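Happy to look at this one with you. Let's go through it by asking what earns each label.

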2 protein chains.
Amino acid sequence: MNKKAIINQIKAKKSFLCVGLDTDINKIPQHLLKEDDPVFVFNKAIIDATTEYAVAYKPNTAFYEVYGAKGWTSLQKTVDYIKQRYPDIFVIADAKRGDIGNTSANYARAFFETLKADAITVAPYMGIDSVEPFLGFDDKWVILLALTSNKGSKDFQYLNADGREMYKNVLMKSQEWADENKMMYVVGATHPEELGEIRAMLPNHFFLVPGVGAQGGDLQAVARYGLNGHVGLLVNSSRGIIYASNGADFAERAAEEAYKLQKQMEELLKSNNLI
Amino acid sequence: MNKKAIINQIKAKKSFLCVGLDTDINKIPQHLLKEDDPVFVFNKAIIDATTEYAVAYKPNTAFYEVYGAKGWTSLQKTVDYIKQRYPDIFVIADAKRGDIGNTSANYARAFFETLKADAITVAPYMGIDSVEPFLGFDDKWVILLALTSNKGSKDFQYLNADGREMYKNVLMKSQEWADENKMMYVVGATHPEELGEIRAMLPNHFFLVPGVGAQGGDLQAVARYGLNGHVGLLVNSSRGIIYASNGADFAERAAEEAYKLQKQMEELLKSNNLI
């Protein structure tokens with residue numbers, strides 16, 4: 001999916017919401033456990049209920065790998081379902097991969113060809129040849145970790161190297177590898193002021209912003225610091241939407257939470273003259 | 001598996017060889033493709049042929065994920081086979097994972113409980129809470145990326161931050177998280193002099209050293225700079241062993257290559273008075 005298609009979808013839905021499918025069998029409604037594949041049945045219900053309000057889904061691979069091959073089947077079925085039923089939706093494999101060149105080439109095939117995701121999150125530590133193999137696919141995206149939303153982001157990402165923080169080194173160095181039509185960046189919602197600095201450095205890129213909701217990030221602040229002239233943001237919420245209820249009404253309640261965020265996003269898009 | 005058991009096995013086999021199971025269906029002997037699970041059949045033959053000379057196996061998850069759920073089945077069967085047939089062998093899931101705390105907790109369960117590996121490689125970029133969930137399992141190990149063997153290691157790992165290279169910051173900071181009984185480090189064979197500096201910083205840790213063979217690293221130099229009083233090294237070779245032949249003799253030829261490395265390692269252990 002190219003940048004224009006993503007922007008078109010954002011404008012059509014008046015939303016830049018990404019729903020994180022961090023599906024944990026211990027947190028989903030107990031009545032689903034009698035199903036052959038409860039994880040997929042849950043995902044399908046969440047997707048059907050929220051797709052009106054969301055432009056992207058982001059399954060996190062850890063929550064599927066914990067069940068081994070069975071988990072990968074649930075993941076594949078989830079992506080297949082989105083791609084068949086809602087082909088305009090942007091699918092992000094939140095996998096945080098990265099390895100030497102011939103290994104990253106296999107990860108790229110795993111996520112872009114086998115799973116058929118549109119984008120994958122990639123860890124930057126191993127540098128150019130760990131990222132480049134993901135860049136050789138038409139209309140597929142690398143979403144590189146820059147400044148993450150978690151506590152541990154303080155350990156290395158803020159270290160000052162060559163006169164600037166490590167995450168800024170990642171942002172600048174990776175500009176040599178791909179432009180805003182192939183690469184996005186992860187910037188946590190828990191760092192709104194740094195998001196402003198990053199937006200000043202990279203006026204044209206999309207940022208994937210996790211950390212709104214359960215992790216404490218604030219959508220208004222993210223929009224204030226992060227929006228650009230073509231939106232430029234995908235804001236993710238996982239737990240706040242998918243676990244809004246663990247009863248029979250889980251899908252309805254997820255839809256309500258997604259709708260609330262979509263409405264806030266619509267206001268933000270309007271007040272910034274983006275729709 | 002604890003440190004003492006690893007050292008005992010090294011001394012018994014006179015080897016600190018790890019065989020990398022980067023099994024690529026395009027490179028294995030064509031006669032295996034008629035099997036239901038060619039990847040597992042290949043791995044089993046390689047393991048049976050080389051286990052006399054090796055103390056560890058290191059399947060790299062990318063080479064399995066590329067086949068989706070089927071690949072995870074091959075990976076699970078491979079680890080199950082090693083654990084059942086050769087319980088003293090150390091199994092490293094070369095997965096290079098790392099994510100926010102609740103996600104890393106799922107990766108930890110995926111690799112330690114579901115897959116039953118003894119160790120997992122972890123990427124440091126996201127800091128403490130991305131690593132800690134892997135440390136809560138008895139006799140399981142984190143092998144943290146420090147200085148990797150690839151070209152891209154130059155991009156960020158050598159950046160000078162707070163007066164020392166980023167990889168040294170990773171080494172020092174992570175000392176606060178776990179000691180040499182729970183954590184090892186990846187140090188590429190392509191950086192032998194830095195390996196010496198790292199050994200001086202961390203006299204007691206084990207290092208997993210990839211990059212000998214196809215990537216150009218030199219075993220003699222690795223041993224010179226990396227051995228400590230209880231060996232402290234696991235040296236990996238993947239392609240040089242498992243693809244020594246793609247004919248009917250692939251397992252015999254793999255055994256020959258593993259044997260050559262084991263003999264060199266035996267000499268190095270003897271000349272350093274370690275056996």
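Q: How many residues does each chain bring to the contact?
A: This is a predicted model, and in it 56 residues of chain B meet 56 residues of chain A. A residue belongs to the contact if it has heavy atoms within 4.5 Å of the partner. Between them the chains bury about 5000 Å², and carbon and sulfur atoms account for 60% of it. Val66(B), Tyr125(B) and Phe156(B) supply 18% of what chain B buries against chain A, more than any other three residues.

Q: What makes the pairing of Glu65(B) and Arg97(A) a salt bridge?
A: The closest N and O atoms of Glu65(B) and Arg97(A) are 2.8 Å apart. The cut-off is 4 Å between a side-chain nitrogen of Lys or Arg and a carboxyl oxygen of Asp or Glu, so the pair qualifies. The count between chain B and chain A is six salt bridges, and there are also 24 residue pairs in polar contact, both residues at pLDDT 80 or more.

Q: Which helix gives the most to the side of chain B that touches chain A, and what classes of residue make up that side?
A: Helix H5 (residues 101-114) of chain B gives the most, with eight residues. By class, that side of chain B has 24 nonpolar, 20 polar and twelve charged residues.

Q: How do you know that a two-fold axis relates the chains?
A: Chain B is superposed on chain A by a rotation of 180° with 0.0 Å of shift along the axis, at an RMSD of 0.0 Å. That is the relation of a two-fold axis. The same surface serves both copies, since 100% of the contact residues of chain B recur in chain A.

Q: Why is helix H8 of chain B called largely enclosed?
A: Seven of the nine residues of H8(B) (residues 166-174) are buried, so the rest of the structure largely encloses this helix. Buried here means under 20% relative accessible area. The residues of H8(B) that pass are Met166(B), Tyr167(B), Lys168(B), Asn169(B), Val170(B), Leu171(B) and Ser174(B).

Q: What makes Ser15(A) buried, and where is this residue?
A: Its relative accessible area is 0%, and the cut-off is under 20%, so Ser15(A) counts as buried. Ser15(A) sits in the loop between helix H1 (3-13) and strand E1 (17-21) of chain A. Among the residues that Ser15(A) touches are Ile10(A), Tyr53(A), Gln262(A) and Leu269(A).

Q: How do you know that the side chain of Ser15(A) has a polar contact with Leu17(A)?
A: A polar atom of that side chain lies 3.1 Å from the backbone nitrogen of Leu17(A). The limit is 3.5 Å, so the pair falls within it.

Technical notes. Residues are numbered from 1 along each chain as its sequence is written. Chains are lettered from A and ligands numbered from 1 in the order in which they are written. This is a predicted model: local features need pLDDT of at least 70, side-chain atom pairs count only at pLDDT 80 or more; totals for chains, interfaces and linings use all residues. Side-chain values use heavy atoms; hydrogens and water are left out. Buried area is the accessible area (1.4 Å probe) that two parts lose on being put together, summed over both. A polar contact is a pair of N or O atoms within 3.5 Å; within protein, one must be able to donate a hydrogen and the other to accept it, and residues adjacent in sequence count only if both atoms are side-chain atoms. Helices (H or I, at least four residues) and strands (E, at least two) are DSSP runs, numbered from the N terminus. Ala, Val, Leu, Ile, Met, Phe, Trp, Tyr, Cys and Pro count as nonpolar, Asp, Glu, Lys and Arg as charged, and the others, Gly among them, as polar. Buried means under 20% relative accessible area, exposed over 50%, partly exposed in between (1.4 Å probe, protein chains only). Copies are superposed by least squares on the C-alpha atoms of residues with pLDDT of at least 70 in both. Lists of a residue's contacts leave out its neighbours within four places in sequence.
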